[in-house]
Amino acid sequence: MQKIFAANWKMYKTRSQASQSAQELAKGLGQMPAGQEVVVFAPFTAISCAADAFKGHAGLTVGGQNCYPAEEGAFTGETSPAMLRDAGAAWVLTGHSERRHIMGEDDALVARKTIFALEHGLNVLLCIGETLEQREAGKLNAVLERQLAAVFAAMPASLGGAALVGKLAVGYEPVWAIGTGKVAGPKEVLDAHAVTRALLGKLVGETASRLPILYGGSVKPNNAAGLMALDNVDGLLVGGASLEAQSFLQIIGA
Ligand code: PGA
């Protein structure tokens, strides 16, 4: 299984700060071994800076944090997949909880973005996850199922199945663990990742075993190794602790 270490820089870093961090990562990582990838999800304005710093470094790639599902048009403030690729991005995040809960993106829009981005040559890290209220109400499985099913129900046959391998990864991020310092416990992560794998199995058959599932939510250098050791955890999506290059390097090294 491919292993992915993803940094989500959110709305942080000017271009010069992004260049400096990306250069530090490139220096610290050199070339990634086959089967391992590091993706930095940079703010739009800094994508090209990070991409420049990663040139010549195998397995170091850049992503956008959002995109709009249209080729071009009168969509003020939006960015197309082709524009992201032009800036140097190979990936895009869809369905991040901050987009779902702060910007009000619903499952249908997340599905459109995911499919459009895949169709237009970007790899996608599709994020799913429950709020504390949903978890406490016993709705974890139902929420994950609803979020995943929305995407796969709309997926054209040409994109689905084995065609997704190497192009789609899923990020499980319990909303209550994002930016709160409250990492989900090993049992919670193990269970949620098993549920995610089983749901993917229902939706895409045996391809499910080849789609990486990343954990995200208060990942730090001191909990990264324990999380990566869990079954069905194929990578990490790191917000706060990825802003300092050295701390993200420690997470990858763990
Ligand atoms: P965090 O963010 O690591 O700061 O909790 C994770 C994310 O939002 O992807």
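These legends describe close-up views of a predicted model.

**View 1. The ligand and the residues around it.**
The ligand is surrounded by 13 residues. Lys-10, His-96, Glu-173, Gly-179 and Ser-218 are the closest. Three polar contacts to ligand oxygen atoms are described here, residue by residue. Glu-173 uses its side chain: a polar atom there lies 2.7 Å from an oxygen atom of the ligand. Gly-179 uses its backbone, with an N or O atom 2.6 Å from a ligand oxygen atom. Ser-218 also offers a polar backbone atom, and an oxygen atom of the ligand is 2.7 Å from that atom.

**View 2. The largest pocket.**
This pocket has a volume of about 430 Å³. Its lining is made up of 17 residues. Closest to the centre are Lys-10, Met-11, Gln-65, Arg-99 and Met-103. By class, the lining holds 7 nonpolar, 6 polar and 4 charged residues. Lys-10 is also among the residues closest to the ligand.

**View 3. The second largest pocket.**
About 220 Å³ of space lies here. The lining comprises 21 residues. Nearest the centre are Lys-10, Ile-178, Gly-179, Gly-239 and Gly-240. The lining divides into 8 nonpolar, 9 polar and 4 charged residues. Two names return from the first view: Lys-10 and Gly-179 are also among the residues closest to the ligand.

**View 4. The enclosed cavity.**
A water-sized probe, rolled over the atoms, shows where empty space is left. The count comes to 1 cavity of 30 Å³ or more. The largest cavity has a volume of about 40 Å³. Its lining consists of Gly-95, His-96, Ser-97, Arg-100, Cys-127, Ile-128, Gly-129, Gln-147, Glu-173 and Val-175. Helix α4 (97–101) and strand β5 (123–128) each supply at least two of these residues. The lining has 3 nonpolar, 5 polar and 2 charged residues. His-96 and Glu-173 line this cavity, and both are also among the residues closest to the ligand.

**View 5. The buried residues of helix α10.**
Helix α10 spans residues 245–253. Its buried residues are Ala-245, Ser-247, Phe-248, Leu-249, Ile-251 and Ile-252. These residues pack against helices and strands from several parts of the chain. The helices are α1 (15–29) and α9 (224–228). The strands are β1 (3–8), β2 (36–41) and β8 (235–238).

How values were computed. Residues numbered from 1 in each chain as written. Predicted model: local features only at pLDDT ≥ 70, side-chain atom pairs only at ≥ 80, totals over all residues. Heavy atoms only, no water. Buried < 20%, exposed > 50% of the residue type's maximum accessible area, 1.4 Å probe, protein only. Helix = DSSP H or I, 4+ residues; strand = E, 2+ residues; numbered from the N terminus. Contact = heavy atoms within 4.5 Å. 1 Å grid on protein atoms, 1.4 Å probe; cavity = no way out; pocket = protein on both sides within 12 Å on 5 of 7 lines; lining within 4 Å. Points joined across faces, edges and corners; volume = space filled by probe spheres on them. Nonpolar A, V, L, I, M, F, W, Y, C, P; charged D, E, K, R; others polar. Near = heavy atom within 4 Å. Polar contact = N/O pair within 3.5 Å; in protein donor to acceptor, adjacent residues only side chain to side chain.
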